[in-house]
Amino acid sequence: MIREAISYSRKLKLGRIKEGEIYSQEKMTETTYRPRVMSERALKTRAKIMDATRAFIVREGVGRLSIDKIVKESGTSKGAFLYHFKNRKALFCALVEEYVDHLNERMNFHMSKYQEDRKSTRLNSSHSEIS
């Protein structure tokens, strides 16, 4: 999964995929992967499954979670679930990846604000030294 996340961010930076599209890798053999860019409909279905899973975990906990309950909660089919996620573990990994991406965005935002504040503080202090 980490390799997928790195590969996704690399492809996004290189412009090979667009923001908002999910880049995943399907295993072709033991060592090679085939990239897949999902359609808008597939993105919505995947989002429904992940949102339903989050809601279920908050309400009832991870221990009571099953594929059948996720399918019922999300209003999708078992085939749709298995198209997007190999099993429950793959779904959990996707949820963790999404949360890590969220944390990275927040950290980058705050780091940029911190760097801007330091830069403006330096400018202000250099102006006061000149006067």
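This is a dialogue about how to read several features of a predicted model.

Reader: Before I look at single residues, which pattern of helices and strands does the protein follow along the sequence?

Author: It is useful to begin with the order of the elements. Read along the sequence of this predicted model, the pattern is α-β-β-α-α-α-α, made up of 5 helices and 2 strands. Of the 131 residues, 24% count as buried, and among contacts with a separation of 6 or more, 38% are between residues 24 or more positions apart.

Reader: How should I check the length of a helix, and what span should α2 have?

Author: The general idea is to compare the expected rise with the distance between the ends. For α2, the 21 residues should span 30 Å at 1.5 Å a residue, and because the end C-alpha atoms are 30 Å apart, the two values agree. Just after α2, Gly-61 takes a positive phi of about 95 degrees.

Reader: Which residues of α2 are buried, and which residues touch the most other members of the largest nonpolar core?

Author: In α2 the buried residues are Ala-42, Leu-43, Thr-45, Arg-46, Ile-49, Met-50, Ala-52, Thr-53 and Phe-56. The largest nonpolar core has 13 residues, of which Ile-49, Met-50, Ile-70, Phe-81, Phe-85 and Leu-91 touch the most other members. Two or more residues come from each of α2 (40-60), α3 (67-74) and α5 (88-130), with α5 giving the most, namely 4 residues.

Reader: Where do the buried residues of α3 lie around its axis?

Author: To read this, one lists the buried positions and then considers their directions around the axis. The buried residues of α3 are Ile-67, Ile-70, Val-71 and Ser-74. They lie on the same side of α3, because the arc that they cover around the axis is only 100 degrees. Just after this helix, Gly-75 takes a positive phi of about 75 degrees.

Reader: Is Thr-76, in the loop that follows, buried or exposed?

Author: Here the cut-off matters, since a residue counts as buried under 20% relative accessible area. Thr-76, which is found in the loop between α3 and α4 (78-84), has a relative accessibility of 17% and therefore counts as buried. Its side chain is joined to that of Ser-74 by a polar contact of 2.7 Å. Leaving out residues up to four places away in sequence, Thr-76 touches Thr-45, Lys-48, Ile-49 and Val-71.

Reader: How many aromatic pairs does a search of the whole structure find, and what is the geometry of Phe-81 and Phe-85?

Author: One looks at both the distance between ring centres and the angle between planes. The search finds 1 aromatic pair, formed by Phe-81 and Phe-85, which is tilted, with 5.6 Å centre to centre and 45 degrees between the planes. Phe-81 and Phe-85 are also buried.

Reader: Which residues does Met-50 touch beyond its sequence neighbours, and how far from Met-50 is Glu-98 in space?

Author: For such a question, one sets aside residues up to four places away in sequence, and Met-50 then touches Phe-85, Leu-91, Ala-94, Leu-95 and Glu-98. Glu-98, found in helix α5, is 48 residues from Met-50 in sequence, while their C-alpha atoms are 9.8 Å apart. With its neighbours within four places left aside, Glu-98 is in contact with Met-50 and Arg-54.

Reader: Why does Glu-98 count as partly exposed?

Author: Glu-98 is classed in this way because its relative accessibility is 35%, and partly exposed lies between the limits of 20% and 50%.

Note on methods:
Residues are numbered from 1 along each chain as its sequence is written. This is a predicted model: local features need pLDDT of at least 70, side-chain atom pairs count only at pLDDT 80 or more; totals for chains, interfaces and linings use all residues. Side-chain values use heavy atoms; hydrogens and water are left out. A nonpolar core is a set of buried Ala, Val, Leu, Ile, Met, Phe, Trp, Tyr and Cys residues joined through side-chain atoms within 4.5 Å. Buried means under 20% relative accessible area, exposed over 50%, partly exposed in between (1.4 Å probe, protein chains only). Contact means heavy atoms within 4.5 Å. Rings of Phe, Tyr and Trp (its six-membered ring) pair if their centres lie within 6.5 Å; planes under 30 degrees apart count as stacked, over 60 as edge-to-face and the rest as tilted. The arc is that of the directions from the helix axis to the C-beta atoms. The expected span of a helix is 1.5 Å times one less than its number of residues. A polar contact is a pair of N or O atoms within 3.5 Å; within protein, one must be able to donate a hydrogen and the other to accept it, and residues adjacent in sequence count only if both atoms are side-chain atoms.
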